[in-house]
Amino acid sequence: MSATATSILNLPDQATATIPKKNFITAEDGLLSWLLTGDHKRIAMLYIISITFFFFIGGAFAGLIRLELLTPQPDLVASDTYNKLFTMHGIIMVFLFLVPSVPATLGNFLIPIMLGARDLAFPKINLLSWYLYVIGGTLTLTALMLGGVDTGWTFTTPLSTHYLNTHVVTTAMAIFVAGFSSIFTGLNFIVTIHRMRCPGMTWFRMPLFVWAHYAASVLMVLGTPVLAIAIVLVALERLVGIGVFDPTKGGDPLLFQHLFWFYSHPAVYIMILPGMGVISEVISTFSRKRVFGYTAVAFSSVAIALFGFFVWEHHMFIMGVSNYSALVFSLLTMLVAVPSAIKIFNWAFTLQKGSITFETPMLYAFGFMGLFTIGGLTGVFLGSLGMDIQLTETYFIVAHFHFVMVGGMLMAFLSGVHFWWPKMTGRMYPESLSKLAAVVTFIGFNLTFLPQFILGYLGMPRRYHAYPPEFQVLNVLSTAGATVLGVGYLLPVLYLAWSLKYGPVAGDNPWQATGLEWQIQSPPLTENFPEIPIMDHEAYDYEWLEHKTAHEVKAVG
Amino acid sequence: MGISPVIWQFLVKWLTASALFPREGSTIAPWMDELYFFLLAMTVVGLVLVGAILFTFSVRYRKSVHPVATQIEGSTLLEATWTIIPLAIFLITFVWGAVLYFRIYNPPVNSMNIYIVGKQWMWKAEHPGGQHEINALHVPVGQNIQLTMISQDVFHSFSIPEFRIKREVIPGRYSTVWFNATTPGEYHLFCTQYCGTNHSAMIGTITAMSPADYKKWTEDSTSGMSLAQNGERLFASMGCNACHSGTAAARGPSLAGVYGSKLTLTNGSQVLVNDAYLRDAILNPSQHVTSGYAPIMPTYQGQISEDGLIDLVEYLKGLNTNYRVQQTLTTSQSDQTAPTTPGVVKP
Amino acid sequence: MDSAIETTHSEHDAAEHEHVFVPQHRHHFETEEQQREAGSFGMWLFLLTEIMFFGGMFFAYLLFRNWYYDAFVAASNTLNIGMGAANTAILITSGFFMALAVWAAEVRKKNLLVIFLVLTTVFGCAFLGVKYFEYKEKFELHHVPGASFDVSQFVNPPIDAKTGKPVGKPLAPDVVQHTQIFFFLYFAMTGMHALHMIIGIGILFWLLLRAQRGEFSVGYVAPIENFGLYWHFVDIVWIFLFPLLYLINRHPLAH
Amino acid sequence: MAHEPQHAEQHFHDPANIVNPEHAEHHIVSPLEYSFVFGTLLLCTVLTVFAATLDLGVFNPVIALAIASFKGVIVILFFMHVKYQSNLIKMTVGAGFFTFLVLITMTLSDYMSRAWGLW
């Protein structure tokens, strides 16, 4: 036992420990065995590789954007190129990274195991959704190779339908296909959660990670098709030349906005909810305590999913919508902020009377809590009608959603990847290096995006290639922060890759966590459980774990 | 080791010229800033609260001090607390924000009206006196100014951060915003809605000047014709006066004094005649036939620019009597024929 | 750790197969019942996405019909109610045979199943055939949105041979362009519907092949049942499209 | 471990979640029932076409949509077996139409109230 007073990390004796010979990675050999697999764990691995690839492409675009904004003059790239950069950054990051990030990787890997099932309900559909993702990604890259697209990821009509001659239709197809990938993932999760729970796994014994994914999946299934039809209508309008979004022919561009944001607002909850699920697991494990107010956290996920469908018009407050309906949507926006506050406080109080250690996943989780608090509260600025007038379409909104999406989601993603890395690969990552990466990421992130709040209130518009010189100091700070942030994101890739071969053997349950996934071997067998388990305790029941461990020691002794 | 004086000078200049907080240039700005500071305080308090809780618990219950965790289920009282208190704060924010929104988007009745036309990638401002400006707007301080804005192509957004106003400029529809500048000076004008290649070049300067200076400026930059005069000329050249002549035998309704009145249409509905209605009635006349008249007016879609429409609207706003209409009609009939009804509109 | 579980592993594989009732039973489901219910629940969730997909277009139709009532009335009245009604009946019949096919599979009657699936396919194709003639007529009248769209029929409505009066009220030139929005939505909605039918017929052929091999007459009915859900959903979309596009504008309000 | 789906007297092992409201027995609808539904659907089609020939003013669309909804409901209930399905499926169907309703009403709340004021 290597657990000390400052760590719960409990690795087996490295001299004798080995990775189990039989596991899902060694089960079959050859590329085809991966490309045609039905195993949710292998598909999760495929996803991890592909979303990391797209993350770094999107990140490279972000780097170029920040580099251009180092000086007020439009000097690094041409305006067209700049517009393509931020469009591609947005499309890749939103549709090819953030939406599938936690659900398709960690969710895919863990949900069946957490429920005590052998696989997702529809393994072939799961594989199909990865292929759809790859096709969507390839189409995006095709559009990029052919010369890019400069609509902005929001595809504002009539700009995208009648005033641009870039590859809008190709990109629209890419998003359509990637959208179906996300629909199938969500569908698979919902069916699995309803139908595949092991005996004794009641709804209120499920880990909060599963609850969060359930809520996110409902949003994926119900929201994404509306985006699909909006994007199809845009493509048709470009092909036919007439359509329902063209004001000169009697169409209404705001209709597009309504349909687009009907999905794209819930989409931000699709992105953040799974991250919240990760945080629940991590905070509980590293404070050795049941999550404070389990039911409140579970229901707040469901509440976010439900209210999430009633607030989309807050993206259009200044776009000429009816002021009366703006009132209604603003009020509902205030309501959707409450469940997030509930979650934050419940996580904070989970620490109370715990026995807290500060391993890397926990550091990322702390980072998440701080940054998400800022991101969430600045969201209230934007939901407030009057304030929205000054702040929308400026760098304030850029900073706000990066705080939620990058500060929140990416922190949660990295937290989860570190947390479950020993389970997925059987090997530990290097602890001190990863702590350094967590700290670097946190500092870099704040340096990048805090100045943008100030810039936003000053009025610097988003998507600007050139800007007045008095904004330069803050932009330089932001670019400097982005450099640090870039290092913070490169580090994990390097040391995680290193750990695949050289990391210490992790054993079954290095964190002494309670989840079902920690009670099986790492990496797991293809069928997860030799026998379907029986859930006879609540989630996060550390007393049960203690009892079980003591029993095992006795049995072995 | 000393720093090079050139670099030092550059740094000082760079830092002193940089801004951290926008100037308050209009009467709306202080209202907006009050709400902003309230929200900022809320964020800081929230962040400090969460930070303090995390920090305290992390120190007190770290493993070396507190090796065995005590299991706690939860607390309904605490849950209620952190549901109700944030909700209350958010609701205050909602009401406050809503009040501000209605202030900014409800122009006072006695405002001076300036028209803005947005197009890729420039702003065109049209003063009632006929002064046209590109990417610039001169306004007097201390006067309520209403902007009536429209876009010729895509969505744009008219933003003056130092006045704390912003409004989307929409194709095919007037949108309005108003302000009352307090301090003379120059302010940034931005297009904040992404509108294509040169989006970031669609900027301009707002010059707020004292009323006397403004008067001088209007006299210096007059083009000789006011918007209404341009409109009157259009009214005659497009043949509007042939039907809207105000005589008993006229085929169209008299337009004198029509602005601001309530009209009854053929379908029985009542409408208030405002800028948007007039514009719409010129482009889609068959949808706006005044009760008692035949739907014979041709459409002017595609035959008149947004600027022309603004001229016409401005002309009709000030039209109190049909005397000049009839005078123009009699003098122009000899040499000018009204355009015939356009036939089938082929796309 | 977990050694007790590990040892049972190899026996487990053998044990699992004892409970497999049909070869189509997948290893990760514990029972066939669970698999069947998971399948149909999954199909229903997919249909939810379809509801929302068509929902966007239904909303667009609702909105523009209110805005451009006259143009929608005129354009809608050029559609052929006879063909629309016939198509409705054809599609309902196709759906009826699909429902019977599900029954035939449930009671394990292979020949009946194949016959019903063939009938379903035949009526599905008949629907598309009628649709083809409708589209062709629109094409000839230049009612397909795009560069060759022609509004003359709405500006000067043709004289009805029987009554000797124009078939509809002529539209003013400023609203006549809005007929194009109607036809855009008409083609988008019926086109999407037809696309779903074509995909469905493709799957039907595949199911037919498998039914012919007797795969669905041994108690394994899930694919037939789930496809039935899809096919009936396509029916329902048409059940709403028919009145919305063809019927509700026949007697325009004289506002 | 028991793998057989013993429907009764099992409390813990419940592989298909049989004792919960998400489950329903597999019900086979008889061809006769299908025929009745089919007949009703055809009848309704005739009825709706007939109703379209009458001038009922504002009630024309109302009646057409009411008949369509009725047809839709019986297709869902009988052809799609929802009547014999678990509460889970019933709720799922309900959720779909509910979200569609949210899309329509919330969006219409904008379009309808735009003309109320001066903005």
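Reader: How many Å separate the centres of domain 1 and domain 2 of chain B?
Author: The centres of domain 1 of chain B and domain 2 of chain B, taken over C-alpha atoms, are 36 Å apart. This is a predicted model, where local features need pLDDT of at least 70, side-chain atom pairs count only at pLDDT 80 or more, and totals for chains, interfaces and linings use all residues. Residues are numbered from 1 along each chain as its sequence is written, with chains lettered from A and ligands numbered from 1 in the order in which they are written.

Reader: Ok, where are the two domains of chain B?
Author: Domain 1 of chain B is 21-224 and domain 2 is 227-332; such bounds come from an automatic or database domain assignment.

Reader: And how many residues are in contact between them?
Author: 10 residues of domain 1 of chain B are in contact with 10 residues of domain 2 of chain B. Contact here is C-beta atoms, placed from the backbone, within 7 Å.

Reader: Which strands supply the domain 1 side?
Author: β1 (112-119) and β5 (144-151) of chain B each give at least two residues to the side of domain 1 that touches domain 2. Strands (E, at least two residues) and helices (H or I, at least four) are DSSP runs, numbered from the N terminus. That side of domain 1 of chain B has 5 nonpolar, 3 polar and 2 charged residues. Ala, Val, Leu, Ile, Met, Phe, Trp, Tyr, Cys and Pro count as nonpolar, Asp, Glu, Lys and Arg as charged, and the others, Gly among them, as polar.

Reader: Switching to chains: how many residues of chain B are in contact with chain A?
Author: 78 residues of chain B, with 78 residues of chain A on the other side. On the chain B side, α3(B) gives the most, with 18 residues. The split for that side of chain B is 44 nonpolar, 25 polar and 9 charged.

Reader: What about C and D, how many residues does each put into the contact?
Author: Chain C puts in 39 residues and chain D 43. In chain C, α3 (32-67), α5 (81-106) and α10 (222-247) are the elements giving two or more residues to the side that touches chain D. The largest share of that side, 12 residues, comes from α3(C). By class, the chain C side has 25 nonpolar, 8 polar and 6 charged residues.

Reader: Back to chain B, what's the strand order in the open sheet?
Author: The 5 strands run β4-β10-β9-β6-β7 in chain B, with mixed pairing. Strands pair if DSSP finds at least two bridges between them. β4 (136-140) and β7 of chain B are the edge strands, each pairing on one side only. From one strand to the next, the twist averages 20°.

Reader: In which sense do β6(B) and β9(B) pair?
Author: Antiparallel, over 2 bridges. B:Phe158 has B:Cys191 in β9(B) as its bridge partner.

Reader: Last one, at what angle do α9 and α12 of chain A pack?
Author: α9 (residues 253-287) and α12 (residues 360-383) of chain A pack at about 125°, their axes 9 Å apart. That angle is why α9(A) is oblique to α12(A). Axes are lines fitted to C-alpha atoms, for helices over the stretch in contact, and angles run from 0 to 180 degrees between N-to-C directions. Under 35 degrees is roughly parallel, over 145 roughly antiparallel, 65 to 115 roughly perpendicular and the rest oblique.

Reader: Which residues of α9(A) and α12(A) meet?
Author: A:Ile279, A:Val282, A:Ile283 and A:Phe286 of α9(A) meet A:Pro361, A:Met362, A:Ala365 and A:Phe368 of α12(A). The contact has 8 nonpolar, no polar and no charged residues.

Note on methods: Two residues are in contact if their C-beta atoms, placed from the backbone, lie within 7 Å.
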